[in-house]
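Biologist: I would like a close look at a single part of this model, followed by its surroundings. Please keep the account plain.

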Amino acid sequence: MKRILLTLSLLSALAFGDEASDIMKRIDDNQRGQNVYMQMSMTITSMGHSRTMKMQSWAKGTKKSFVKTIYPPKDRGITFLSLDNQMWQYIPKIERTIKIPPSMMLQNWMGSDFTNDDVVKQSSIVDDYDAKILKREGKVVTIELIPKEDAAVVWGKIVSQIDTDTYTSQKDIFYDEDGEEVRYFIYDKVKKFGKYYSPTVWKILPSDKKGNSTEIILEEVKYDQEISEQYFRKSALKRFSR
Amino acid sequence: MFNLALKNILFYKGRSITTLILTFISALMFIVYVSMMDGSHESMLKNALKVYTGSIEIYKKDYRDIGGNEYLITDVQKIEKELDKIEGIDTYTARYETYGLLSSSTQSSASLVAGVEPLKEPSMSQLKVALVEGEFLSPTSGNCLYAGVDLVKKLEAKLGDEISFVGAASDNSFAADLFKLCGTFRTGSFSFDASSAFIARAYFDELMMSHNKASYINIKVHDLNDVDTINTQISAKIDDSIESLTWKTLMKTMVDAMEVDSIFGYITISIFYVVIFFVIMIFGFINVSSRIREFGTLRCIGLSRQKIRTLLFYEIFILSSIAIMIATPIGAYIAYYYSVHPIVIDGMSEMYKDYGIISDEIPFSFNLFTITWNISVVYLLNILSILYPMAFINSFKPVEAAHHV
């Protein structure tokens, strides 16, 4: 009897594991599509004041993305290219293309609560973490993501609350290697773009800096439209900066 | 009793000479070893304080633990006004530090980039005297960058090259600029020289929007011994969101390492001394054992147990005093000589650079108080070593002892 129960519990764990991975893949598909263009505004609140930036981004699959800052004028034309977990930045003010070294990957991206690593390691949630369902509450499933043994990742654990109607995340909580909560993402205003669902408001709140936040509002989203390969060459950094 | 003790010392030459030599070696080694250990620690500390860290530093609370622009001091002038009123402060300077990416045309490196006051910095740190090539900063040096030699090596840059900087300004907005490499320095601390660069505050404040802001205020005091008193005065004058810390907290890792090193040093010398202690005690015991009849006769003619104890005490006291009187001036001279002329071991700093050793010199510490307690310990242990022989000899009854074979 014990063996049967043990076998059943193992099978159900495997099934939940597979289901959790499947959910994470569907979320990833929703976020990326084949390719995606976005125009977004990013409002960073820290030290009691806020500033807003606007950006355009082009992404193809999990390995290629290009971001251009279009507002404020001071930062206009700063471009970022990420290819296969590497990142370059072009700064028009100094007319330099700079490769971001690994030691800078945990630094804030453009002064926001994103890190450079968030921008580059776009595929790691699916590839580098083992997913497990923690609980279900109606259409919301809570999934725990634990890094795979050999994965070169920053977080010790991520807990995501997923809306299984739209396969979008409602909240992601990030923990460090010691299990301390570091930050959380809250997603809101899910919209349908063609066959994809995407939250159009993302808010990041660091746990150790009360009052700080970064809010991204997706102003324009276009899935699966032709994006030129030219965006994903290093020459694009300067070329599309203008 | 004293005269009798003297006669005994002269009569039992073997025991006397052994005790003298062992006590002499112990006292000499103790003085020299402790002097060398303390001297090395003082040197490490002095070097570390000279390089960049101040004897007192003022921070906004949590800056050291969490960091970031949220924890900058935002009204430097207000604090500086208070510092001007405190006696014992030699000078102070407000530094603005940030971590950013420095890039040459070929290489990049994440580095500490600090805005410093070029006129005040030379009296606060070793930055200016550590100049290797080019020139130190001046208030009008603009975008001149003064970088560690190992950082420059990593960047594959040379004097006059443009070095780009990318980082976050004090309001967390994006900051980027082109600096010109005007000078390089070598403090001897590899980690510092490989990851630090400096720029005149006047220029850096424009870029980082850090006017009247600081990561911390670095304070130099007239006398390092007054650091706790001055720190208490500063703490009383600044508000609760700001903290004033002495080098003991700022360099806790080094202080802890030195304490651990001292403990191991004392354990080593203690093991050595325990051996010496037992050798002296055994020689004392053998000596006393061979004199049982003598002590028995002395007891029979009227000497009390107390007098016997006094006699043995005088013997060890005289021997210890002679040995220590010879060892102390020699040990003190060695400590003094090497405190003035440190031992130099070529290449030592290179080998131990990761432990904060930035000099090939091993200076000794010459401190009369330390020498006094060192010889007191030797005295005490020598006197303790005679307690068992005293108890042993007094355990015999006078007649029994007088007939002992």
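Biologist: In which loop of chain B does B:Lys158 lie?

Modeller: This is a predicted model, and what follows should be read as such. The predictor gives the complex an ipTM of 0.76 and a pTM of 0.69. For chain B, the average pLDDT is 87, and 96% of the residues score at least 70.

B:Lys158 sits in the loop that runs between helix H5 (149-155) and S6 of chain B. B:Lys158 counts as exposed because it has 12 C-beta neighbours inside 10 Å, and the cut-off for that class is 12 or fewer. B:Gly134 is 24 residues away from B:Lys158 along the chain, and the two C-alpha atoms are separated by 10.0 Å.

A second lysine of chain B, B:Lys180, is part of strand S7 of that chain. With 14 other C-beta atoms within 10 Å, B:Lys180 is partly exposed. Its C-alpha atom is separated by 7.9 Å from that of B:Leu159, with the two positions 21 residues apart in the chain numbering. Leaving out residues up to four places away in sequence, B:Lys180 touches B:Asn143, B:Cys144, B:Leu145, B:Gly160 and B:Glu162.

One of those contacts, B:Leu145, leads into the interior of the chain. The largest nonpolar core has 86 residues, and B:Leu145, B:Tyr146, B:Ile199 and B:Ile217 touch the most other members. S7(B) gives this core its largest share, seven residues. B:Ile217, beyond its neighbours within four places in sequence, is in contact with B:Glu57, B:Ile58, B:Ile73, B:Val76, B:Ile79, B:Tyr92 and B:Ala94. Another core, of 23 residues, lies apart from the largest one; B:Ala27, B:Ile31, B:Met36 and B:Ala323 are among its members. As a general point, nonpolar side chains in soluble globular proteins tend to be buried together.

Strand S7 of chain B also takes part in the contact with the other chain. In total, 17 residues of chain B are in contact with 22 residues of chain A. On the chain B side, strand S2 (89-103), strand S3 (108-116), strand S6 (162-168) and strand S7 (174-185) each supply at least two residues. The largest share of that side, four residues, comes from S7(B). By class, the side of chain B that touches chain A has eight nonpolar, six polar and three charged residues.

Helix H10 (residues 252-289) of chain B is a further element of that chain. Its 38 residues should span 56 Å at 1.5 Å a residue, and the end C-alpha atoms are 53 Å apart, which agrees. The buried residues of H10(B) are B:Met258, B:Ile276, B:Ile280, B:Phe283, B:Gly284, B:Asn287 and B:Val288.

Chain A, the partner, has four helices and 13 strands. Of its 242 residues, 31% count as buried. Among contacts in chain A between residues at least 6 apart in sequence, 43% join residues at least 24 apart.

Several of the chain A strands can be followed through their pairing. Strand S1 (residues 35-46) of chain A runs antiparallel to strand S2 (residues 49-60) of chain A, and twelve bridges join them. Within this pair, A:Ile44 has A:Arg51 in S2(A) as its bridge partner. Two residues separate the strands of this hairpin, where A:Met47 takes a positive phi near 50°. S1(A) is also joined to strand S13 (residues 213-223) of chain A, by ten bridges and again in an antiparallel arrangement. In that pairing A:Met40 stands opposite A:Leu218, while A:Ile44 stands opposite A:Thr214.

A:Thr214 of S13(A) is the bridge partner of A:Ile204 as well. Strand S12 (residues 196-206) of chain A is joined to S13(A) by four bridges, and these strands run antiparallel. S12(A) and S13(A) form a hairpin with six residues between them, and A:Gly211 in the turn has a positive phi of about 90°.

To return to the starting point, B:Lys158 is an exposed residue in the loop between H5 and S6 of chain B, whereas B:Lys180 in S7 of chain B is partly exposed.

Technical notes:
Residues are numbered from 1 along each chain as its sequence is written. Chains are lettered from A and ligands numbered from 1 in the order in which they are written. This is a predicted model: local features need pLDDT of at least 70, side-chain atom pairs count only at pLDDT 80 or more; totals for chains, interfaces and linings use all residues. pLDDT is the predictor's confidence in each residue, from 0 to 100. Two strands pair if DSSP finds at least two bridges between them. Two residues are in contact if their C-beta atoms, placed from the backbone, lie within 7 Å. Ala, Val, Leu, Ile, Met, Phe, Trp, Tyr, Cys and Pro count as nonpolar, Asp, Glu, Lys and Arg as charged, and the others, Gly among them, as polar. A residue is buried if 20 or more other C-beta atoms lie within 10 Å of its own, exposed if 12 or fewer, and partly exposed in between; C-beta atoms are placed from the backbone. A nonpolar core is a set of buried Ala, Val, Leu, Ile, Met, Phe, Trp, Tyr and Cys residues joined through C-beta atoms within 7 Å. The expected span of a helix is 1.5 Å times one less than its number of residues.
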